[in-house]
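Visitor: Hi, I've got a model open and would like a quick tour. Can we start with how the pieces pack?
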Amino acid sequence: MTTATRTAPLKVALVGNPNSGKTTLFNALTGSTQHVGNWPGVTVDAKEGRARCGGREARVVDLPGVYSLAPYTSEEVVTRDFLILEEPDVIINIVDATNIERNLYLSTQLLDMGIPQVIALNMMDLVRKHGDEVDVRGLSEALGVPVVEISALRGQGIAQLLEQAFAAADEGIPPFFNRKFSYRVEDALARIAKIVYPVVPPEHLRWYTIKFFERDERIRARAAQGHTQHEREDFSRHQELLGDIEPIIAGCEAQLDDTAPSIITGESYDFIERVVARTVRRSVEERSASERIDAVVTHRLLGLPLFVLLIFTIYYLSVTVVGGVVTNFMDKTFIGHWIQAPLSAVLVRGGAALWLRSLIVDGIIGGVGAVVSFIPQMVVLFMLLALLEDCGYMSRIAFLLDRALRRFGLSGRSFIPLLISTGCGVPGIMSARTIEQESERRMTIITATFMPCSAKLPLIALIAGVVFGGLWWVAPSAYFLGIASVVFSGLILKKLGRFKSKVSPFVLELPSYHVPTARNVTRSVWERISAFVKKAFTIILLLSILLWFLSRFGFVGGRFGMVTSLDHSLVAGIGNLFAWVFAPLGFGNWRASIATLLGLTAKEQIVSVIGILTSKSAGAPPLTMLFGGQRIAAYAFMAFNLLCIPCVVAVSTMISEMKSRSWALFTLTWQLGWAYAVALMIYQLGMWASGAVFGPGTAAALLVLAALLFALLRPKPARGDGPGCHKEGSEES
């Protein structure tokens, strides 16, 4: 097809291994601000963007990262179905040049499909840095398609790649892929091709033939359906011939003493080894630098302590050291002295009514400002986390934690949603789609929001900075409290019969270490901060105005109007209705109760509520007295709000992803019960250890602790069911 005759935008499929730089290339092509993470599973569904080159437009579809086109995972199903059913004009196959053998395995499968394509040889800057060389022309000749050197991270070679993609699509010529297997395999494939030719698309004959040889039931079923009535009739006439395929496959397996899928895999890697031997020259000495680093960071004994130390340092720097100083300036000086005080004076001189001054200064500025003042801490935290992600370290942690998480019924795949949840629980929950095992996926969704997200950071900073006076251990302990809740609740859930299935396998390609780029780090921080600011000036603003009204108006002497004491306000009456529920946790007063209840809408709102209800203008007690001057009660308050039901948006996402009302109800009940149990034990046992009198609350906390220990240590049942589920056989990995 020529350029002149093409009217619709070019349909480009972007395909590659996880960690090959595919999503980074997608952002470079389309200008998208989609989050880039240096771990597998960031792209759960196909994403779409627009790219332009020479006045022409292309619709670029970023498909999930896969290692092959054998649909064993949800990502592979999405990618393969798109290539088969959507019929893209051209494939941009992104190959990590630093790990070319592993990436070319997927490339051989894509080339077998007969779709026009271009290979984007990514990370060539790292290849040269290592002292390696790639014969790009020789690689192109061996594979039969154009090969373009690029660096997606640095935006190099992108224009040339698009030009080659347009040219390949315009020509519409399938790749000249002259790969040949051994004689026995080629003979078997030729005999199978004669049988299946009438029932498969001719342009994809080679690929379909190989899939029939591998006994791919999905492909056989798809061929059986046919694309037209004529094809279905042809298939009916040739169905008896398909029975001749199995003897062909069995004969080849007997001759080569291996299974059909393993034969194709082995033959493919033999071909790849020959191509790499002719086109790639490596410098072994330079390449060992990453291996020396991995020898430390992935060490069985040193790896986890190093990870703990890094996370501890990040939270300590962001919340206590750097962030604490700047946040104190933002809260007291910038918002308090530079905005609230002058604005209040202007309103007084202008003759504004008392209620209007209170609404603007205390309700709007005070409520939103209490949350916005914590942005500096969030910037520091997200910048440090983005540096770890962009350099390649977080992939090592996923690999390292896979071994540990398997003991709790999870795998390294579950670490990805947990890590994403430190930014926001909503994409963290959604990223659990990449987990094949349903029980493992559900357990991940149940526990993902235990991790402290960006919305919970202001609460952590408030308690650590104001109540605990910036003690070094408070902020990091909140992060590890989330990890501990994932671990121990996972162990208990694993004892439930419905969660006892085998853990799914976790295959991970470790990317080469590289220096983080300012663009990627800035983009990552900006995405998270901008989302936080949008919520602050929408949901939190509206809730702050509502809270101001409820806290400044009430019934006094049988008449409704403004009140001089918050204890007579409407919000005090509402809070007192629920205060008894939280009394055993150490914060059984109406202010803390209201903060907790409104925190269910948005966790940032907790800080906003506390800011309004403890403001000096309202004659309220300071924050340190909100918990009766007891730090243990303040920590229990923080723990409960970190672990309990997440915000309404996350709850809605959770219900959607669970695809079951009973499972969603079980999830919310479990999270609420877990948060209450943890907060109860922290307060009651903490007070008892501090010298308080043993009472009913202490006894209740000991009973809860005993029940949890029993659930942890009891043997796993042989069989069981989850909520609302019938009995099923065990799920296979």
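Guide: Sure. One term before we start: contact here means heavy atoms within 4.5 Å. And keep in mind that this is a predicted model.

Visitor: Okay, so which residues of H28 meet H30?
Guide: On the H28 side they are Ile 632, Ala 633, Tyr 635, Ala 636, Ala 639, Phe 640 and Leu 643. Their partners in H30 include Leu 672, Trp 674, Tyr 676, Ile 682 and Met 687.

Visitor: How do the residues of that contact divide into nonpolar, polar and charged?
Guide: There are 16 nonpolar and 2 polar residues in the contact of H28 with H30, and no charged ones.

Visitor: And how do the two axes cross?
Guide: At roughly 170°, with the axes of H28 and H30 coming within 8 Å. Angles over 145 degrees count as roughly antiparallel, so H28 is roughly antiparallel to H30.

Visitor: I see rings around there. Which residues form one aromatic cluster?
Guide: Phe 582, Phe 587, Phe 627, Phe 637, Phe 640 and Tyr 676. Two of those names, Phe 640 and Tyr 676, also turn up in the contact between H28 and H30.

Visitor: How many aromatic pairs does the count come to?
Guide: It comes to 26 aromatic pairs. One of them joins Tyr 315 and Tyr 479, a tilted pair at 5.1 Å centre to centre with 50° between the planes. That pair links distant parts of the chain, with Tyr 315 in helix H14 and Tyr 479 in helix H22, 164 residues apart.

Visitor: Is Tyr 315 buried or exposed?
Guide: Buried, at 2% relative accessibility. Tyr 479 is buried too, at 5%.

Visitor: What about the rings of Trp 473 and Tyr 635?
Guide: Their centres are 6.0 Å apart and their planes at 35°, so that pair is tilted. Trp 473 sits in the loop between helix H21 and H22, while Tyr 635 is in H28, 162 residues away. Trp 473 is partly exposed at 31% relative accessible area, whereas Tyr 635 is buried at 11%.

Visitor: Switching to strands. What order does the open sheet of 6 strands have?
Guide: The order is E2-E3-E1-E4-E5-E7, with mixed pairing. E2 and E7 stand at the edges, each with a single partner strand, so one side of each has no neighbour in the sheet. On average, neighbouring strands are turned by 30° against each other, direction ignored.

Visitor: How do E2 and E3 pair?
Guide: They pair in the antiparallel sense, over 7 bridges. Ala 51 stands opposite Ala 58 in E3. As for helices, H1 packs on the sheet and touches E1, E2, E3, E4 and E5, its direction making about 50° with that of E2. Helix H5 packs on the sheet as well, touching E5 and E7.

Visitor: And the hairpin of E9 and E10, how many residues are between the strands?
Guide: There are 2, and Gly 557 in that hairpin takes a positive phi near 65°. The two strands run antiparallel and are joined by 4 bridges, and Phe 555 stands opposite Phe 560 in E10.

Visitor: Which residue other than glycine has a positive phi near 50°?
Guide: That's Glu 87, in the loop between helix H2 and strand E4. It counts as exposed, at 56% relative accessibility. Lys 659 also has a positive phi, about 55°. Lys 659 lies in the loop between helix H29 and H30, and counts as exposed at 69%.

Terms used: Residues numbered from 1 in each chain as written. Predicted model: local features only at pLDDT ≥ 70, side-chain atom pairs only at ≥ 80, totals over all residues. Heavy atoms only, no water. Phe/Tyr/Trp six-rings, centres within 6.5 Å; stacked < 30°, edge-to-face > 60°. Buried < 20%, exposed > 50% of the residue type's maximum accessible area, 1.4 Å probe, protein only. Axes fitted to C-alpha atoms, helices over the stretch in contact; angles between N-to-C directions. Parallel < 35°, antiparallel > 145°, perpendicular 65-115°, else oblique. Nonpolar A, V, L, I, M, F, W, Y, C, P; charged D, E, K, R; others polar. Pairing = 2+ DSSP bridges.
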